[in-house]
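Grab your viewer and try a few short exercises on this one. Each comes with a worked solution, so have a go before reading on.

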Amino acid sequence: MTWEIVIGIETHVQLQTESKIFSTASTAFGAAPNSQASFVDCALPGTLPVMNRKAVECAIKFGLAVNAGDSKNIARRSVFARKNYFYPDLPKGYQLSQMELPVVTGGSVTIQVDGKDKVVTLTRAHLEEDAGKSLHEGLDTPGVSGIDLNRAGTPLLEVVTEPDMRSAAEAVAYAKALHGIVTWIGICDGNMQEGSFRCDANVSVRREGEALGTRCEIKNLNSFRFMERAINYEVRRQIEVIGDGGRVAQQTRLYDADRNETRAMRSKEDAMDYRYFPCPDLLPLVITEDDIEKVSASMVASPQTMQARFQASYGLSEYDAKLLTVDRVTARYFEDVVSAGAETKLAANWINGELAAMLNRHDMDIAQRPVSAGSFSQLLQRIMDGSVSSKSARDLLGLMWAGEHQGDVDALIKAHGLTQMADVSAIEKIVDDVIAANEKSVVEFKSGKERALQSLVGQVMKATGGKANPTQVNTILREKLGAN
Amino acid sequence: MSEAYPTIASLAERIRTKQISATELAEDGLRRVADNAALNAFFPVSRDLTLAEAKAADVRIAAGETSPLLGIPIAHKDIFVTCGWPTTAGSKMLEGYISPFDATVVEKLKAAGVVSLGKLNCDEFAMGSSNENSAFGAVKNPWDRSRIPGGSSGGSAAAVAAGIVPATTGTDTGGSLRQPAAMCGITAIKPTYGRVSRYGMVAFASSLDQAGSMAHTAQDCALLLDAMAGSDERDSTSLNSEKANASIWRAFSANIASKHPLNKGFENLRIGVPKEWMTYAGDLEGTRTDGIHMDVAVAIHHALDVFTNHGATLVDIPLPRTALSIPAYYVIASAEASSNLSRFDGVRYGHRAAEYTDLNSMIFNSRTEGFGHEVKRRILTGAYVLSHGYFDAYYLQAQRVRRLIAEDFQAAFEHCDLIMGPVAPTTAWKIGEKSKNPTAMYLEDIFTLGVSLAGLPGMSIPCGFGLNNMPVGLQIIGNYFDEAKMLADAHRFQQLTDWHQQHPGVKS
């Protein structure tokens, strides 16, 4: 029997605004508890919410990004409702969120699975405020819980998909694609550890051709890896339940990464009546054509557009251009390296090759790279002007990575004696020695074996400690062997 | 030390001519508060805070500043948060709560140089029409201490009526400025919704709450309201347009200068009188409560005569949905209140129950102990009308009715400049008389609720007395932003009559 898996994803995208969605308090992560909670965030009597237009701009950017620049899916008038429930970290006793009229309706995200494109349709994206945090551990007094309201009022864009995904792999591909979009357009820092990008998955299974099964919502998926595991676990669980003749109960389930399982949090029967109604403290959120135009003009080009530009203006291959536009930090890094004087193809090769390898080795993100675009460009320029060999440059990158000499390329070259041999007579002497010592290779080359020359070049390079310019060595060897 | 019932205008003149200092006025005011303690209008004063404000005013006066409110003693309804005095909103829930910031209204009046004598008793969270719902005891009407002063700004009205302060601030959600002003024989104005910032007002029903002023005269009300009004970026519903930010005082002054009351002062003034309001439906014994009582109707007719005798014409206008304003109001106001009062959970501030076993019981016990009966009734009503399956039938329906009521007023303003009628069907009743019957109490608000639902400005001015010798108030309703016009015509009325100069102790 074939089972079909049906998945829809809800993502809370924390918007990168300096202040909160309805107050002027800072949104910076990691401050001392309650040091970033204003009177409004604490819901003191008499306080009122005031819309942060920066959060609205983020929503507009998102609306444009998931509709190929078309603004038709951005609501010109949307409404904040109050979602009423009691919880100690919900200071007002209600959350401000868009219910009936969200700021963005529709749109789509294209994902690649097994080399094929698939379009995931978005249901909606709406603005809302985050709640605070309850702290049950690490407090001085036992048996006492603390409330930290620093996060209360942080702007979120909740992005909801249609149940379009058919496997955990597709769900992860979607989450990664969405992550790529929101970080590319600069509305979210994408930091999943800090909770800036949080996914919930709605999972159900059905026998092929049957109506949609009962879904369970899995919460707390704070990494792509966990998402895949959690969904796979949940799918197995649901198939087992049905296989045993049971019925899946509609539940909210929590993923426990340590035990790799999902556990029931609450069932549909416990569902609260949130008594939604339009918030009378806020006017409807109005977005004008002018607002959209301004945001649109300030938006970075799409990855596809940028890739095309990289190919056209820098003469890069499709492969290189695609890798360089995988995220905005990489793209900007490339352009910074080039504008600082590095040759475009060399820069592309080194960013996609050496730099990527280094990042991988250190399990780092490009955003965390310790080498500035300026230094990296300087290094490439030393290759270009023949000061260092590629091999030495690789070693230099390692030294720069370690922060030696504050990453100053020229200082490092000097300190480690990595300057390429520029003295032709010195190289000629070594070449003579190598020819004398490798008679066999010389004979082979003269009889037409090109590969034998490479062996000789290698010998020379070895003798110079890698400081000679291989192209130059090649030329001298050919001259001496009368091949030119 | 001076007049028993001073006005802002008279005190400002004495300050200007250096006959009295702000500090002397503050001392005098604090004495008056103590002398009238039996009214229960004031919450505990803070001599130090008041005298510090007075001293600051005296410094400004000495420096030559002559703003009209500089050094004038006033007091705030305890719905406005203040950093100095505790803010309770008349509730045990907030007993002892001190706000870390001042309400915009308080801040603006402070900047204008007023000296606050403290905070005024009110119905708990401004919910009530008699001031009997205060957790700190009922306020008594200075005209007859066995009677209610009206509500919810009962302390504000009683303090002015008793001559403790020349003016006070108050708030009006469904009549809470106009009705107590009528019951206490003083003048009050609730401006257009959005004209005064709600920032720092403990919220009852956000779409209806609006601050305003109370005083003996329309002129004083204009002066105080002018200093309170203006857009505020901390309140998204405060209006920010040329019209909304125009000076009420300047427009009022220009208006009264343009026409003298004795010289056909009301010529060209078309007064709309709602047929439905003036139909006598009560009786002398008050056994019927669904309409205006005869003694009130008589006083209103006499007041209208004053206008027509000086050139005004009366126009019959229909306000057919007046009766619907009661259910519409109680659905919307309760819905908003149920949500607005959710923040009082005992977690961050306010009352927390001494005993609880878990999170839920902490919130449950704190709210059960902290809220009074009427507040709980409205929270339950509000939660009910918002709940799944009832939302459309109650909340949405009430919003539709609200729109229709607003349209009725706009249709009426096609035919008239101001609308006039009673503020309340009756004069002040005995304390305890209606507290067992919430429906009878709600019916008292029948003439004020529609104005609040429509967001229109409304006034109450003294216009006579009922059979029980209690004051009657004339309600004046203007179109949006017509505060200056309403105040100017009320001022002209007060130049032609002396109802506003009748006081509890010296009734002529």
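**Exercise 1: the core**

Which residues touch the most other members of the largest nonpolar core?

Solution. Keep in mind that this is a predicted model. Start with the set itself: the largest nonpolar core holds 228 residues, and A59(A), A171(A) and A201(A) touch the most other members. Next, see who supplies it: helix α2 of chain A (residues 168-184) gives the largest share, 10 residues. Then zoom in on A201(A). Ignoring neighbours within four places in sequence, its contacts are I7(A), I9(A), A171(A), I218(A), L221(A), M227(A), A230(A) and I231(A). Finally, look for what is left over: another core of 30 residues lies apart from the big one, and L316(A), A348(A), W350(A) and V388(A) are among its members.

**Exercise 2: checking a helix**

Work out what helix α9 of chain A (residues 373-384) should span, and compare that with the model.

Solution. The expected span is 1.5 Å times one less than the number of residues. With 12 residues in α9(A), that comes to 16 Å; the end C-alpha atoms are 16 Å apart, so the two agree. Now for its surroundings. The buried residues of α9(A) are A373(A), S375(A), F376(A), S377(A), Q378(A), L379(A), L380(A) and R382(A). Among the elements covering them are α7 (328-339), α8 (344-361), α10 (390-401) and α11 (409-415) of chain A. Step just past α9(A) and you'll meet G386(A), with a positive phi of about 80°.

**Exercise 3: the sheet in chain B**

Find the strands at the edges of the 10-strand sheet in chain B, and say why one side of each has no neighbour.

Solution. Write down the order first: β2-β1-β3-β5-β4-β9-β10-β8-β6-β7, an open sheet with mixed pairing. The edges are β2 (115-120) and β7 (313-317) of chain B; each has a single partner strand, so one side of each lacks a neighbour in the sheet. From one strand to the next, the twist averages 30°. For a sample pair, take β4 (187-190) and β5 (210-215) of chain B: they run antiparallel over three bridges, and I189(B) sits opposite S213(B) in β5(B). Lastly, helix α2 of chain B (residues 22-35) lies across β1 (73-77) and β2 of chain B, at about 20° to β2(B).

**Exercise 4: where the chains meet**

How many residues of chain B are in contact with chain A?

Solution. Count both sides: 34 residues of chain B are in contact with 25 of chain A. On the chain B side, α12 (325-340), α13 (359-370) and α14 (373-386) each give two or more residues, and α12(B) gives the most, with three. By type, that side splits into 15 nonpolar, 11 polar and eight charged residues.

Notes
Residues are numbered from 1 along each chain as its sequence is written. Chains are lettered from A and ligands numbered from 1 in the order in which they are written. This is a predicted model: local features need pLDDT of at least 70, side-chain atom pairs count only at pLDDT 80 or more; totals for chains, interfaces and linings use all residues. Two residues are in contact if their C-beta atoms, placed from the backbone, lie within 7 Å. Helices (H or I, at least four residues) and strands (E, at least two) are DSSP runs, numbered from the N terminus. Ala, Val, Leu, Ile, Met, Phe, Trp, Tyr, Cys and Pro count as nonpolar, Asp, Glu, Lys and Arg as charged, and the others, Gly among them, as polar. A residue is buried if 20 or more other C-beta atoms lie within 10 Å of its own, exposed if 12 or fewer, and partly exposed in between; C-beta atoms are placed from the backbone. A nonpolar core is a set of buried Ala, Val, Leu, Ile, Met, Phe, Trp, Tyr and Cys residues joined through C-beta atoms within 7 Å. Two strands pair if DSSP finds at least two bridges between them. Axes are lines fitted to C-alpha atoms, for helices over the stretch in contact, and angles run from 0 to 180 degrees between N-to-C directions.
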